[in-house]
Amino acid sequence: MKVRVVGAGVVGLTSALRLAQTGHEVEVVAAKMGNGTTSSVAAALWYPYRAYPEVDVTRWSATTYEVLCDLTSDPSAGVRMRLGQELFRQHTSDPWWREAVPELGRVAVERLPTGYVDGYELSVPVVDMAMHLPWLLGQLETAGVAVRTRHVDHLAEAFEDVDAVVNCTGLGSRELIDDETLTPVRGQVIVVAQFGLTEWQLDQNDPEHLIYVVPRSDTVLLGGTAEEGDEDLNVRPETAADMLKRCIELVPALDKARILSHRVGLRPGRPTVRLETEFIDRGPVVHCYGHGGAGVTLSYGCAEDVALLVSGLS
């Protein structure tokens with residue numbers, strides 16, 4: 001089939017790639033590419049964050065975990081396995097997504113930082129989006145997928161010369177298809193130069209004022225915030241100062257880290273991920289959006305389901 005994917009974040013690009021791999025003729029169109037996408041701001045630590053329903057998210061996350069593990073053999077893909085810890089200020093049970101990972105241990109009490117009483121320890125993929133998004137574009141080019149910058153105001157416009165459309169517009173689906181269940185969740189982060197850090201740290205005890213320190217090859221990403229309903233894309237100096245203070249308290253070596261940049265992105269919050277086929281007057285639309293803070297974590301698993309839905313149309 002001829003398929004047009006609308007949206008060039010990680011979900012759109014992985015969906016397009018999987019569609020091409022399964023034999024479809026694919027084009028990607030998007031108003032924003034690369035650094036203009038929410039995906040470019042992502043910490044991209046594999047973690048099912050603010051995405052539902054749990055059963056499907058666990059399945060999609062498990063598939064993505066496997067794909068990303070395989071991609072660690074290709075240095076240009078920007079994926080590395082990193083050991084790390086999620087820390088808690090009270091005792092907790094295993095996470096609901098436990099089945100998505102092969103191993104998950106507990107942090108020994110003597111290794112817990114001051115103020116924490118429990119923690120998970122696991123190795124997960126960490127994706128350097130500055131490398132992975134260009135890598136995906138290269139894979140699409142090799143697969144014969146055209147990628148064009150184009151703003152789509154209405155889904156009907158996307159049906160020109162194609163049999164089906166895949167909607168991967170994230171938060172843009174509020175305007176594109178009037179989905180009022182979408183909520184922006186503002187995330188502000190700091191990028192610092194790598195200083196030899198190899199393990200990630202995560203603290204979600206305060207759901208609005210997160211602490212995460214995620215090492216990549218040349219940089220370390222510090223966060224963060226989860227401000228629901230806030231669409232301000234400007235960097236807030238007071239927020240950055242507060243974030244940096246929290247991160248240094250958890251990882252004191254950050255005190256001397258060189259700050260490279262500040263970034264802000266809007267996560268596409270939704271009660272559940274929407275991954276289904278809708279038939280409109282112009283033809284079939286496969287929707288794949290509303291991934292919350294887990295676009296990278298769900299991307300390859302959702303792309304597999306997108307390809308199955310499209311193939312089921314022919």
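# A walk through the predicted model, starting from Ser15

Ser15 is buried, with a relative accessible area of 0%, and this residue of a predicted model makes a convenient place to begin. Ser15 belongs to helix 1, which covers residues 10-21. Once residues up to four places away in sequence are set aside, Ser15 touches Cys168, Ala303 and Val306. The chain also brings Val166 to this part of the model, for although Ser15 and Val166 are 151 residues apart along the chain, their C-alpha atoms are separated by 8.4 Å.

From here the path leads to helix 6, which runs through residues 295-311. Helix 6 has 17 residues and spans 23 Å between its first and last C-alpha atoms, close to the 24 Å expected at 1.5 Å a residue. Even so, helix 6 carries a kink of about 35 degrees, and the kink is centred on Gly301. Since 13 of the 17 residues of helix 6 are buried, this helix is largely enclosed by the rest of the structure.

One of the residues in helix 6 is Asp305, which has a relative accessibility of 16% and therefore counts as buried, the cut-off for that word being under 20%. Leaving out neighbours within four places in sequence, Asp305 is in contact with Arg59, Trp60 and Leu275.

Trp60 leads on to helix 2, where it is among the buried residues, together with Val57, Thr58, Ser61, Ala62, Thr64, Tyr65, Leu68 and Leu71. An α-helix has 3.6 residues a turn, so residues three or four places apart point the same way. Helix 2 takes in residues 54-71, 18 residues in total, and reaches 25 Å from its first C-alpha to its last, which is close to the 26 Å expected at 1.5 Å a residue. The partners against which the buried residues of helix 2 pack are strand 3 (79-88), strand 5 (118-127), helix 3 (129-142), strand 14 (274-280) and helix 6.

The loop that leads from strand 2 (25-30) to helix 2 contains Pro53, and the peptide bond from Tyr52 to Pro53 is cis, with omega near 5 degrees. Ala44 is found in the loop between strand 2 and helix 2 as well, and although Ala44 is not a glycine, its phi is positive, at about 60 degrees. Most residues other than glycine have a negative phi, and most peptide bonds are trans. With a relative accessibility of 7%, Ala44 counts as buried. Asp178 likewise has a positive phi, of about 55 degrees, without being a glycine, and its place is the loop between helix 4 (173-176) and strand 8 (183-193). Unlike a buried residue, Asp178 is exposed, having a relative accessible area of 60%.

The UniProt record, an unreviewed entry, adds a further layer to this picture. That record assigns the annotation "binding site" to Tyr212, Arg267 and Gly293. Tyr212 lies in strand 10, residues 209-215, and it counts as buried at 9% relative accessibility. Apart from its neighbours within four places in sequence, Tyr212 is in contact with Ala43, Val189, Gln201, Leu202, Leu221, Leu222, Gly223, Gly224, Cys247 and Arg267. Arg267, itself part of strand 13 (residues 259-269), is buried with a relative accessible area of 11%. Two further contacts of Tyr212, Gly223 and Gly224, are joined to each other by a cis peptide bond whose omega is about -5 degrees. Gly224 lies in strand 11, residues 219-225.

The same UniProt entry places the feature "domain: FAD dependent oxidoreductase" at residues 3-307. The end C-alpha atoms of that span lie 10 Å apart, and the span is 25% helix and 31% strand.

A last stop is the empty space inside the model. Rolling a probe the size of a water molecule over the atoms shows where empty space is left. The count comes to one cavity of 30 Å³ or more, and the largest cavity has a volume of about 40 Å³. Its lining is made up of Gly78, Val79, Arg80, Arg82, Val126, Asp128, Pro215, Arg216 and Ser217. Strand 3 supplies the largest share of that lining, three residues, and strand 3 is also one of the elements against which the buried residues of helix 2 pack.

Conventions. Residues numbered from 1 in each chain as written. Predicted model: local features only at pLDDT ≥ 70, side-chain atom pairs only at ≥ 80, totals over all residues. Heavy atoms only, no water. Helix = DSSP H or I, 4+ residues; strand = E, 2+ residues; numbered from the N terminus. Expected span 1.5 Å × (residues − 1). Buried < 20%, exposed > 50% of the residue type's maximum accessible area, 1.4 Å probe, protein only. Contact = heavy atoms within 4.5 Å. UniProt positions renumbered as here; feature names shortened; annotations may be inferred. Bend = angle between axes of the 7 residues up to and from the residue. 1 Å grid on protein atoms, 1.4 Å probe; cavity = no way out; pocket = protein on both sides within 12 Å on 5 of 7 lines; lining within 4 Å. Points joined across faces, edges and corners; volume = space filled by probe spheres on them.
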